[in-house]
Structure formats: structure tokens, C-alpha cells
Amino acid sequence: MSAAPSAAGPLEVTSLSHDGRGVAHRDGKTLFIDGALPGERVSVRNVRRKRSFDESELDQLVTASRERSVPRCAHFGVCGGCSLQHLDPTAQLRHKQEHLLEELRRTGRVEPTEVLPPLAAAVWQYRRKARLGARYVPRKGKVVVGFRERAAPLVADLETCEILAAPFGALIAPLSELLTGLSIRARVPQIELAAADNATALVFRLLEEPTPEDIERLRAFGERHAVQIHLQKGGIDSVAPLSASAPLHYRLDEFAVDLEFRPTDFIQVNGALNRAMVSQALQLLDLSGDDVVLDLFCGLGNFTLPLARRAARVVGIEGDSALLERARSNALHNDVGNVEFHAANLEAIDRDLPWARRSYDRVLLDPPRVGARGALPLVAGSGAQRVVYISCHPGSLARDAGLLVHELGFQLRSVGVMDMFPHTSHVESVAVFGR
């Protein structure tokens with residue numbers, strides 16, 4: 001790889017890459033430009049030349065896109081938490097939809113019969129779950145707290161954050177001050193944030209035992225800012241509250257469901273969008289009161305318990321034993337009796353398990369980024385006439401859609417994007433398959 005200070009003459013930006021960079025072409029090569037948008041004419045700097053493409057940064061806007069927005073965050077461009085604040089939110093969704101459809105065509109060789117309207121909610125202060133880095137920087141004389149930098153493996157030195165749910169966005173500078181005052185300031189590499197309907201929690205990852213004075217500072221911080229303080233001194237099972245704390249929970253009012261979770265549990269990061277997503281998924285499943293539903297990758301019951309309010313019976317399958325325990329507890333807490341949960345390796349399902357030999361009317365999947373390839377033969381053999389697939393990665397969805405359509409006898413009825421992570425290039429989507 002070689003570098004050059006600039007590229008002569010303005011460039012026409014023709015599209016947006018999957019990671020939010022402008023795409024232009026020069027001398028037969030593709031050039032990815034940080035900060036540029038489709039429709040713009042730009043000059044660039046710091047061209048980094050590679051064999052099949054080049055990378056650069058925006059230097060000057062010759063002609064700006066009408067969809068360009070002024071970033072709200074003072075740290076935009078340095079912090080890696082967001083990559084699209086300079087693009088109007090409506091345009092962000094359109095580009096995410098285009099990326100999803102192109103991935104389905106290229107990787108899966110499939111086209112949906114229908115494209116659903118994008119699902120969106122608030123675009124600021126939406127993120128109720130996050131993991132921040134913390135690093136003591138002697139030359140700055142403080143602990144910096146933030147997401148990773150966009151262009152370097154460093155912790156961004158933030159003061160506030162516009163996407164974190166209240167009160168977290170305003171707590172970054174106070175957290176920096178707190179950690180700087182600890183004796184173990186260089187031994188706290190991470191803070192996990194969790195906002196529930198009833199409380200907010202901070203989990204401090206500790207690599208060294210705190211002193212009594214450190215404990216008192218942490219406790220006082222929690223009281224002053226009305227947040228729960230949890231300490232993690234080892235693995236995930238070591239997380240414990242510093243003081244007695246109420247269980248965290250969030251509610252899905254449409255289904256009269258209240259879900260408890262621990263601050264390190266996986267939950268969808270955007271509470272408002274999650275409510276809309278669960279509602280849409282159940283509508284797309286087109287349930288009757290007699291249906292038996294299989295919920296794969298069910299987690300702590302985010303879809304399972306709402307499904308149980310609309311179907312005759314629901315079977316939830318999860319590979320994480322801690323989340324499965326939470327799901328069972330949530331079913332009891334909500335007095336849901338028509339649901340059962342089982343642990344299974346969903347990457348290689350044992351088809352001889354009793355639940356795997358049954359027939360189902362509907363299937364819902366919500367897999368991680370790697371997708372659900374190992375579960376698809378079971379889905380095809382389940383007898384389900386309708387499958388709803390919630391995806392957090394267009395590439396794995398496209399691969400799985402190709403398998404379902406070309407090898408397992410399904411049609412791709414509809415797809416749509418869901419803006420779970422506004423101002424980022426992350427694409428969440430839903431797909432509906434029928435026989």
C-alpha cells in the first residue's frame with residue numbers, strides 16, 4: 001500500500017458503500033471517501049492506494065448533496081459510534097434499503113415480491129444498551145471514556161453522546177472524572193450501559209481489586225446520578241451490584257408483557273424500535289389462535305412471550321443457558337403457560353430432539369450476525385407455511401434467503417429495513433418467506 005497527499009481535480013461521488021463511505025471512480029479504480037455522499041463533487045486528501053481500490057478522506061466539498069445534514073455531535077468524524085450523522089435520516093434508510101436489496105440480488109440471487117416500508121423511531125438518544133471503552137492517558141492526565149475511534153484502535157475522548165439514552169449521553173464527562181479519581185484508574189477498561197423502563201445501570205469491568213475509597217467513590221456516583229452500579233471482577237458470572245438494586249425490566253404494552261433482564265444480557269438496543277419490530281413481526285406471521293409457533297434464537301423471550309399471547313402454543317429455542325433461564329423466569333412472571341423453552345446448539349441442531357421432530361405452523365428466527373444456516377433444514381422440515389426472519393446482517397440474510405428459496409422450497413414474499421441503529425451503517429431487516 002502506498003499513500004499520496006491528494007488526488008487532483010474534483011470527483012463525482014456515485015454511491016454509498018456498506019460502511020457509509022462515498023464511492024467514486026478514477027482511472028479504472030474504485031475510491032472510497034470518508035465523509036462524502038452520493039451526488040456530491042469533492043476533492044480528497046490522504047489517498048491510500050491499494051491493489052484493487054483506493055481510500056481517502058474528504059478535503060473540500062465542491063458541490064454538496066441536498067441530503068447532507070450538519071452532524072449534531074461535536075465528536076462526529078473521530079468517534080466510531082456513528083458514521084452517518086452527515087446524512088439526512090430519511091436518506092440513511094433509503095441507502096440501507098438499497099444495500100439490503102443489492103445484497104439479496106448479488107449473494108442470494110433472490111428478489112422479494114414486496115418491499116415493506118422502512119420501520120423507524122426516534123433517531124437521537126435511542127441507544128439503551130452500549131459498551132464504552134475507558135483508558136487512562138497520562139499525557140492528558142485523565143481517563144478517556146467513549147466508543148472506539150473511527151480510524152484508529154483508540155478510545156475516543158468524548159464529553160457527551162447524542163445517541164445514548166438518557167442519562168448516559170450526559171454522563172460521559174462525569175464518568176471520566178470518576179475513573180480518573182480512582183486508585184485503579186488504569187485498570188478499568190470497559191463500562192457497560194443498560195437503560196430499562198424502571199432504572200439505569202452501569203457495569204464497571206475491573207482488572208484489579210478496588211480500594212475501600214474507590215468503592216465509596218463508585219457508590220457516591222451512583223447515588224448522585226441515580227444509576228445502579230455493578231462491578232465485574234472476572235467473567236460474566238462475576239457481575240454483582242454494589243448495593244441492593246431492583247431488577248431491570250422493559251415492557252411491551254401491546255402484549256401485556258414485562259421482561260426482566262440483567263445489565264449484561266442481550267436486549268435490542270433501541271427500545272422504541274423494538275416495540276414496533278415485535279408488533280410488525282407478529283402481524284407478518286399472520287397468526288391464528290390455533291397456530292403452534294417455533295421461535296429460534298429466542299433469547300430472554302422478546303418475541304416468544306408476545307407470540308404466546310396470540311398463538312395456541314410457542315416453543316422457544318436458545319443456545320445461551322443464562323438467557324434461557326431468564327426466558328423461563330419471564331414466562332412465569334407474566335403468567336404465560338402456553339410456552340416451553342429448550343436449550344440447543346442452533347448451528348447444528350440434533351433433529352432427534354423431541355421438540356425438533358414436531359410440526360409447526362409458523363417459525364420466527366432472530367439469529368446473530370452469522371445468520372441461521374445450521375437451522376434452515378429444520379425450518380424447511382417443520383411444515384411451517386410462513387417464516388419470519390429478523391436479521392442484523394444483510395450478508396447472512398442474503399445467503400440464508402438463497403438457501404431457503406433455491407434449495408428448500410420457499411418464496412421470498414417481502415423484506416424491509418428497520419432502523420435499529422440510526423446514524424450508523426448497521427442494517428437490521430425483516431424477511432417473510434412462504435411455501
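Which strands does helix H4 lie across? Keep that in mind while I set the scene. This is a predicted model.

Start with the sheet. It is open and has eight strands. The order runs E7-E21-E22-E20-E19-E16-E17-E18, and the pairing is mixed. As a reminder, strands of a sheet pair through backbone hydrogen bonds, either parallel or antiparallel.

Now the edges. Strand E7, residues 114-115, stands at one, and strand E18, residues 339-343, at another. Each has a single partner strand, so one side of each is left without a neighbour in the sheet.

Next, one pair of strands. E19 covers residues 362-365, and E20 covers residues 386-391. These two run parallel, joined by four bridges. Find valine 363 on your screen. Across from valine 363 stands valine 387 in E20.

Back to the opening question. Helix H4, residues 271-285, lies across E19, E20, E21 and E22. E21 is 411-418, and E22 is 428-434. The helix runs at about 160° to E20.

Another helix packs on the sheet: H6, residues 321-333. H6 touches E18 and also strand E17, which is 313-318. The direction of H6 makes about 170° with that of E18.

Last topic: empty space. How many cavities of 30 Å³ or more turn up in a search of the whole structure? One. The largest cavity holds about 80 Å³ of space. Its lining has 13 residues. Those nearest its centre are Cys73, Cys79, Cys82, Gln85 and Cys161. By class, the lining divides into eight nonpolar residues, four polar and one charged.

Methods: Residues numbered from 1 in each chain as written. Predicted model: local features only at pLDDT ≥ 70, side-chain atom pairs only at ≥ 80, totals over all residues. Heavy atoms only, no water. 1 Å grid on protein atoms, 1.4 Å probe; cavity = no way out; pocket = protein on both sides within 12 Å on 5 of 7 lines; lining within 4 Å. Points joined across faces, edges and corners; volume = space filled by probe spheres on them. Nonpolar A, V, L, I, M, F, W, Y, C, P; charged D, E, K, R; others polar. Pairing = 2+ DSSP bridges. Contact = heavy atoms within 4.5 Å. Axes fitted to C-alpha atoms, helices over the stretch in contact; angles between N-to-C directions.
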